Amino acid sequence: MEQREPPKSRSKSESELDRISNLPSDVLEQILSHLPIREVARTSVLSSKWRYRTAMIRHLVFDKQCVSTKKRITFVDIVDHVLLGHIGPIHKFKLSHLDRLATWDIDRWILHLSRNSIKEFVLEIEEVCCYSIPSYLFSCEDMIHLELFSCLIKPPPTFKGFRNLKSLVFQRVTLAQDAFQNLIACCPLLERLTLREFNFTHLKIDAPNLKFLDVEGDFEDVIFQNTLNLADVCICTDTSVGQRWACDSTHSMLVKFLVHLPHIQRLKIQGFFLQAAGSAFQEISADREGHSALSEVNSLYGNWIFPFSQLRFVKMSDVSDVKAELDFIRFLLLNSPVLEKIIVKPAYADDSWELVKQLLRLGRASVHSEIIFLDP
């Protein structure tokens with residue numbers, strides 16, 4: 001009787017590969033989306049099944065890890081190869097490259113993405129001087145998250161906004177004042193906005209669903225309109241806004257800034273913005289008889305009592321031991337009944353101990369609030 005050979009035992013690595021291959025498709029996609037492109041490419045040689053899966057990955061990230069061991073294969077070759085072999089929609093595309101790239105390469109990649117239902121687009125190109133965003137990016141109606149660095153932005157006249165955009169990041173961008181305002185106003189679902197080193201001087205924001213705002217730059221004023229849902233604000237500026245607010249005899253700029261933050265929960269301010277706010281508020285407090293500066297606040301709150309009913313966290317940097325800034329901190333403490341923590345970081349080490357003593361003497365509306373002092 002013919003004897004059959006016993007089946008060969010599979011290696012441990014083969015068994016593990018089978019277990020991974022049998023995972024649900026959505027789980028495999030999540031795993032692949034968190035791997036560098038180089039590692040994703042390696043999985044494509046495992047089998048035709050894996051090759052098909054890697055060609056359908058919807059999150060593509062091209063960064064410094066995206067390099068080839070072969071000298072003749074460039075970064076551009078890798079991006080081209082992945083996009084050419086890709087199947088189906090691309091939901092996320094991130095290009096983060098420190099070396100110079102030809103603008104026509106970036107243009108054709110964006111053109112390709114505009115035809116693939118792109119939802120998240122991140123462009124970090126440090127060495128390109130003001131890369132001009134092509135008009136077809138503004139046709140991406142499904143865009144949810146957009147990050148642009150070192151770019152020239154000029155929306156076409158036909159642009160009606162990103163109707164689904166929820167998160168926007170601009171850093172070192174060049175953009176006309178009216179174009180920025182129209183862009184924000186035409187993104188009705190916008191919830192998060194981050195601005196760094198922008199070129200326009202008047203920051204006007206009209207965003208009814210905005211919850212998070214992080215601004216750093218040299219601008220003259222900031223105007224909120226229809227932003228009553230703002231809950232988390234971080235703002236830092238150089239001297240321009242401070243000088244403008246200091247010359248504002250009616251103090252309406254500070255009042256208009258505060259009045260549109262009734263639901264603020266986290267507030268971070270630093271740089272000259274803190275000094276300007278402190279100086280303006282000190283004069284407001286000393287001139288209450290006129291009531292003109294507080295009329296807008298009173299129309300919303302009824303009086304100047306507990307305007308920050310939801311404020312729980314405050315962080316202030318570059319604080320000096322001056323009466324104006326201490327008055328502003330005192331105002332926040334006395335008008336924030338649910339405040340839990342206020343973090344203060346002084347500008348100079350010499351005044352640290354005196355500043356600590358001044359802060360500990362301040363009264364507060366919240367019995368649970370604590371003041372945390374950081375070394376400069």
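Buried means under 20% relative accessible area, exposed means over 50%, and partly exposed covers what lies in between. The structure discussed here is a predicted model.

Q: Is R312 buried or exposed, or does R312 count as partly exposed?
A: Let's put that definition to work. The relative accessibility of R312 is 39%. Buried would need a value under 20% and exposed a value over 50%, so R312 counts as partly exposed.

Q: With which residue does R312 form a salt bridge?
A: R312 sits in the loop between helix 11 (295-301) and strand 15 (313-319), while its partner is in the loop between helix 12 (323-334) and strand 16 (341-346), so the pair ties together parts that are 28 residues apart in sequence. The partner is partly exposed, at 44% relative accessibility. The closest N and O atoms of the pair are 3.1 Å apart, and the residue that R312 meets is E340.

Q: How many salt bridges does the structure hold?
A: Side chains of opposite charge can pair when their charged atoms come close. R312 and E340 make one such pair, and E216 and R196 make another. For the structure, the number of salt bridges is 6.

Q: How far apart are the closest N and O atoms in the salt bridge of E216 with R196?
A: This pair links distant parts of the chain, with E216 in strand 11 (residues 212-217) and R196 in strand 9 (residues 192-196), 20 residues apart. E216 is partly exposed at a relative accessible area of 37%. A salt bridge needs nitrogen and oxygen within 4 Å, and here the closest N and O atoms are separated by 3.6 Å.

Q: Are helix 5 and helix 6 roughly parallel or roughly antiparallel to each other?
A: Helix 5 covers residues 75-85, helix 6 covers residues 103-114, and their axes are 12 Å apart. The packing angle is about 15°. Angles under 35 degrees count as roughly parallel, and therefore the two helices are roughly parallel.

Q: Does helix 5 pass helix 6 in a left-handed or a right-handed crossing?
A: The angle between the helices is about 15°, which leaves the sense of the crossing to be settled. Helix 5 passes helix 6 in a crossing that is left-handed.

Q: How many nonpolar residues does the contact of helix 5 with helix 6 have?
A: From helix 5 come V76, V79, D80 and L83, and they meet D105, R108, W109 and H112 in helix 6. By class, 3 of the contact residues are charged and 1 is polar. The number of nonpolar residues is 4.

Q: Which residues are joined into one network by salt bridges that share partners?
A: D105 and R108 meet in a salt bridge of 2.8 Å, N to O. They are 3 residues apart in helix 6, which means about one helical turn separates them. D105 is buried at 10% relative accessible area, whereas R108 is partly exposed at 35%. Shared partners bring in another residue, and the network consists of D80, D105 and R108.

Q: Which residues is L113 in contact with, leaving aside neighbours within four places in sequence?
A: L113 is found in helix 6 and is buried, at 2% relative accessibility. One of its contacts, I90, is 23 residues away in sequence, with the two C-alpha atoms 7.1 Å apart. The full list for L113 is I90, F93, I118 and F121.

Q: Which residues does N116 touch, not counting those up to four places away in sequence?
A: N116 follows in the loop between helix 6 and strand 3 (120-125). At 14% relative accessibility, N116 is buried. The residues that N116 touches are G88, P89 and I90.

Q: What is the phi of N226?
A: Most residues other than glycine have a negative phi. N226 lies in the loop between strand 12 (221-225) and strand 13 (232-237) and is partly exposed, at 43%. N226 has a positive phi, near 60°.

Q: What is the phi of E197?
A: E197 is in the loop between strand 9 and strand 10 (202-206). With a relative accessible area of 47%, E197 is partly exposed. Although E197 is not a glycine, its phi is positive, at about 50°.

Q: What share of the residues in the protein is buried?
A: The protein has 13 helices and 17 strands, and its residues number 376. L113 is among the buried ones. Across the protein, the buried share is 44%.

How values were computed:
Residues are numbered from 1 along each chain as its sequence is written. This is a predicted model: local features need pLDDT of at least 70, side-chain atom pairs count only at pLDDT 80 or more; totals for chains, interfaces and linings use all residues. Side-chain values use heavy atoms; hydrogens and water are left out. Axes are lines fitted to C-alpha atoms, for helices over the stretch in contact, and angles run from 0 to 180 degrees between N-to-C directions. Helices (H or I, at least four residues) and strands (E, at least two) are DSSP runs, numbered from the N terminus. Angles under 35 degrees count as roughly parallel, over 145 as roughly antiparallel, 65 to 115 as roughly perpendicular and the rest as oblique. A crossing is left-handed if the near helix is turned anticlockwise from the far one by less than a right angle, and right-handed if clockwise. Contact means heavy atoms within 4.5 Å. Ala, Val, Leu, Ile, Met, Phe, Trp, Tyr, Cys and Pro count as nonpolar, Asp, Glu, Lys and Arg as charged, and the others, Gly among them, as polar. A salt bridge is a side-chain nitrogen of Lys or Arg within 4 Å of a carboxyl oxygen of Asp or Glu. Buried means under 20% relative accessible area, exposed over 50%, partly exposed in between (1.4 Å probe, protein chains only).
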